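Let's take a walk through a protein chain together, one step at a time. Keep the picture open while you read, and try to find each part as it comes up.

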Amino acid sequence: MARGKGFITTMNLCLPGLGQLFAGRWILGSVILLFSVLFFLAGAYFALLPLYRTAENLLADPSGTIEVEFEPVKTAICFGIVIILWCFSLVEGICHPGKKEEKKENE
């Protein structure tokens with residue numbers, strides 16, 4: 001199976017770090033993938049927590065007032081880091097060949 005720059009870029013578009021894993025750069029791919037998933041889950045947590053708390057308060061006291069405590073800065077930081085990791089993953093996948101391509105170039 002050919003694992004050129006186009007394939008690596010396509011895999012990185014699907015999930016940051018996946019192209020590096022397919023190219024044989026296990027440590028870098030694992031780190032990018034892990035941090036992307038963790039920051040995405042953290043951003044989703046900060047984005048959905050106010051919705052959960054609002055529903056919980058309305059179910060407990062339907063006639064009470066609604067106080068939404070949304071933290072947009074934390075949400076934006078988490079999703080911003082995911083976007084930065086995604087862009088880094090794409091650029092790194094395009095600029096650096098896989099291990100198989102490096103062996104071909106050295107021979």
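Before we start, here is a rule we'll need: when the angle between two helices is over 145 degrees, they count as roughly antiparallel, while under 35 degrees they count as roughly parallel. Also keep in mind that what you're looking at is a predicted model.

Let's put that rule to work on helix α1, which covers residues 5-14, and helix α4, which covers residues 72-95. How do α1 and α4 pack? The angle between α1 and α4 is about 170 degrees, and their axes are 9 Å apart. That angle is over the 145 degree cut-off, so α1 and α4 are roughly antiparallel to each other. Who does the touching? On the α1 side you'll find K5, I8, T9, N12, L13 and C14, and across from them in α4 sit W86, S89, L90, G93 and I94. Sort the residues of this contact by character and you get six nonpolar, four polar and one charged.

Stay with α1 a moment longer. Which of its residues are buried? They are F7, I8, T9, M11 and N12. The cover over these buried residues includes α4, which we've just met, and also α2, residues 18-23. There's a handy bit of background here: an α-helix has 3.6 residues a turn, so residues three or four places apart point the same way.

Now zoom out. How many helices and strands does the chain have? The count is five helices and zero strands, so to speak an α-α-α-α-α pattern when you read along the sequence. Of the 107 residues in the chain, 29% are buried. The chain exposes about 7400 Å², and carbon and sulfur atoms supply 72% of that area. Take the contacts with a separation of 6 or more: residues 24 or more positions apart account for 64% of them.

Next up is another pair, helix α3 (residues 26-60) and our old friend α4. What is the angle between α3 and α4? They pack at about 155 degrees, with their axes 8 Å apart. Use the rule again: this angle is over 145 degrees, and α3 and α4 are therefore roughly antiparallel to each other. Their crossing is left-handed. From α3, the contact is made by L28, I32, F35, S36, F39, F40, A42, G43, A44, F46 and A47. From α4, K74, T75, C78, F79, I81, V82, L85, F88, S89 and E92 take part. By character, the residues of this contact divide into 15 nonpolar, four polar and two charged.

Two residues from that contact deserve a visit. S36 is in α3, and with a relative accessibility of 5% it counts as buried, because the cut-off for buried is under 20%. Setting aside residues up to four places away in sequence, S36 touches P16, V82 and L85. On the other side, T75 lies in α4. Is T75 buried or exposed? At 8% relative accessibility, T75 counts as buried. With residues up to four places away left out, T75 touches G43, F46, A47 and F70.

Back in α3, look for G29. Its relative accessibility is 0%, which makes G29 buried. Which residues is G29 in contact with, leaving aside its neighbours within four places in sequence? They are G17, Q20 and L21. G29 and G19 are ten residues apart along the chain, and their C-alpha atoms are separated by 7.3 Å.

For a contrast, find L38, which also has its place in α3. At 46% relative accessibility, L38 counts as partly exposed. Its C-alpha atom is 8.9 Å from that of C78, a residue 40 positions away along the chain.

Our last stop is R25, in the loop between α2 and α3. R25 has a relative accessibility of 14%, and since anything under 20% counts as buried, R25 does too. How far apart are R25 and G93 in sequence and in space? They are 68 residues apart in sequence and 10.0 Å apart in space, C-alpha to C-alpha.

Note on methods:
Residues are numbered from 1 along each chain as its sequence is written. This is a predicted model: local features need pLDDT of at least 70, side-chain atom pairs count only at pLDDT 80 or more; totals for chains, interfaces and linings use all residues. Side-chain values use heavy atoms; hydrogens and water are left out. Axes are lines fitted to C-alpha atoms, for helices over the stretch in contact, and angles run from 0 to 180 degrees between N-to-C directions. Helices (H or I, at least four residues) and strands (E, at least two) are DSSP runs, numbered from the N terminus. Angles under 35 degrees count as roughly parallel, over 145 as roughly antiparallel, 65 to 115 as roughly perpendicular and the rest as oblique. A crossing is left-handed if the near helix is turned anticlockwise from the far one by less than a right angle, and right-handed if clockwise. Contact means heavy atoms within 4.5 Å. Ala, Val, Leu, Ile, Met, Phe, Trp, Tyr, Cys and Pro count as nonpolar, Asp, Glu, Lys and Arg as charged, and the others, Gly among them, as polar. Buried means under 20% relative accessible area, exposed over 50%, partly exposed in between (1.4 Å probe, protein chains only). Accessible areas come from the Shrake-Rupley method with a 1.4 Å probe; for residues, only the protein chains shown count as cover.
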